[in-house]
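Please examine the sequence and the three-dimensional structure shown below before reading on. The paragraphs that follow lead from the interior outward, step by step.

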Amino acid sequence: MFKIDFYQFSNMFIFWIFILCLTFIVWTPVEGQSEVIGSAQPIIASPGDDVILPCHLDPEFNVKGLTVEWSKPDLKPDPSDRLSRVAYVHLYRHRQEVPDMKIPAYLSRTELFTDELKRGNISLKIMNVTLADEGRYRCLVPKLKSGVKFAIVRLVIVESKSDETWTTETPLHLQTPDPTDEPDVEGGRHSRSALISTVVVFCVLLIFGGLVGGYLFKQRRQKPNHLKNDNALLKPV
């Protein structure tokens, strides 16, 4: 009958627990990784203005070789498109703009600050804005190795300059942002740190328990051998 060597099993158990914990910690985003940051306040503009929708990576990170997407999350796909393809306000891919996938209304009206991409500046400039441009915009870096890959920026178009007195307040007619669209950066950092701490403590306890169990089992297995040796010495010659 096959017998399991508990001591060897405990050693293998400890080894794999260590590998799994190490893998989890390495692949879990931690504080210090670059995160996409937008604007907490809406951007106010009038028809005909050129506006900049601020968005950047913090800490600075070179995104020249990555894809940067600007889209309108509230814009519904064209029902006539069977593939429900996503149209972009601006798409930067393979180190250049991809105009073929842009919303027609934004052709020749948007641009990134390409010289600033190496510093993590992915702000979008929209020229000659119209009332139809109002709404929420999402800046996304899909392949960014971070827990916060996108941010939401709101653009408000006002018809008269006198309305700019409330630029620091959230307009009543704006749609309330969905919590799933605006990640809580600080909350995300704290939750990830707490999760990593919990996993580390759990792993340490498992490894410690495995070491103690293996040691006790080894001691119990060696004890009968000592008794046999002592009995052999007590036998009369």
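Which residues of the largest nonpolar core touch the most other members? The model is a predicted one, and its largest nonpolar core holds 28 residues. Those that touch the most other members are Val36, Leu53, Trp70, Ile122, Ile126, Tyr137 and Leu155. Several strands feed this core: strand E2 (43-45), E3, strand E5 (68-71), strand E9 (124-126), E10 and strand E11 (150-157) each supply at least two residues. The largest share comes from E11, which gives four residues. A general tendency applies here: in soluble globular proteins, nonpolar side chains tend to be buried together.

One member of the core may serve as a closer example. Leaving out residues up to four places away in sequence, Ile122 touches Val36, Cys55, His56, Leu57, Val63, Val68, Trp70, Leu112, Leu117, Cys139 and Val141. Two cysteines, Cys55 and Cys139, are on that list, and they lead to the next feature.

How many disulfides does a search of the whole structure find? The search finds one, and it joins Cys55 to Cys139, with an S to S distance of 2.0 Å. A disulfide is a covalent bond between the sulfur atoms of two cysteines. Cys55 lies in the loop between strand E3 (51-53) and strand E4 (56-58), whereas Cys139 lies in strand E10 (residues 135-140), so the pair ties together parts that are 84 residues apart in sequence. The torsion about the S-S bond is about 60 degrees, and the disulfide is therefore right-handed.

Are the two cysteines buried or exposed? A residue counts as buried when its relative accessible area is under 20%. Cys55 has a value of 1% and is therefore buried; Cys139, at 0%, is buried as well. The surroundings of Cys55 can also be listed. Apart from neighbours within four places in sequence, Cys55 is in contact with Val36, Ile37, Gly38, Trp70, Gly120, Asn121, Ile122, Ser123, Cys139 and Ala151. In addition, the C-alpha atoms of Cys55 and Leu124 are separated by 7.6 Å, although these residues are 69 residues apart along the chain.

The strand that carries Cys139 also belongs to a sheet. In general, strands of a sheet pair through backbone hydrogen bonds, either parallel or antiparallel. Here, six strands form an open sheet in the order E2-E11-E10-E5-E6-E7, with mixed pairing. E2 and strand E7 (96-97) are the edge strands, as each pairs on one side only. Within the sheet, E10 and E11 pair in the antiparallel sense over six bridges; Arg138, for instance, has Ile152 in E11 as its bridge partner.

E5 can be followed to both of its partners. E5 is joined to E10 by three bridges, and the two strands run antiparallel. Glu69 has Leu140 in E10 as its bridge partner, and Ser71 has Arg138 in E10. E5 also pairs with strand E6 (residues 90-93), again in the antiparallel sense and over three bridges, and Val68 stands opposite Tyr92 in E6.

Which way do the residues of E5 point? In a regular strand the side chains alternate between the two faces of the sheet. In E5, Val68 and Trp70 point one way and Glu69 and Ser71 the other way, and all are buried. Ser71 has a relative accessible area of 10%. Not counting residues up to four places away in sequence, Ser71 touches Tyr88, Val89, Arg136, Tyr137 and Arg138.

A buried residue is also found in a loop. Arg109 is located between E7 and strand E8 (110-112), and its relative accessibility of 13% means that Arg109 counts as buried. Beyond four places in sequence, Arg109 is in contact with Lys125, Ile126, Met127, Asn128, Val129 and Asp133. Among these, Ile126 was met earlier as one of the core residues that touch the most other members.

Finally, the confidence of the prediction should be considered. The chain averages a pLDDT of 76, and 62% of the residues score at least 70. Over residues 163-191, pLDDT stays under 50, and the model has 38 contacts beyond four places in sequence for this stretch.

Notes:
Residues are numbered from 1 along each chain as its sequence is written. This is a predicted model: local features need pLDDT of at least 70, side-chain atom pairs count only at pLDDT 80 or more; totals for chains, interfaces and linings use all residues. Side-chain values use heavy atoms; hydrogens and water are left out. A disulfide is a pair of cysteine sulfur atoms within 2.5 Å. Buried means under 20% relative accessible area, exposed over 50%, partly exposed in between (1.4 Å probe, protein chains only). A nonpolar core is a set of buried Ala, Val, Leu, Ile, Met, Phe, Trp, Tyr and Cys residues joined through side-chain atoms within 4.5 Å. Contact means heavy atoms within 4.5 Å. Two strands pair if DSSP finds at least two bridges between them. pLDDT is the predictor's confidence in each residue, from 0 to 100.
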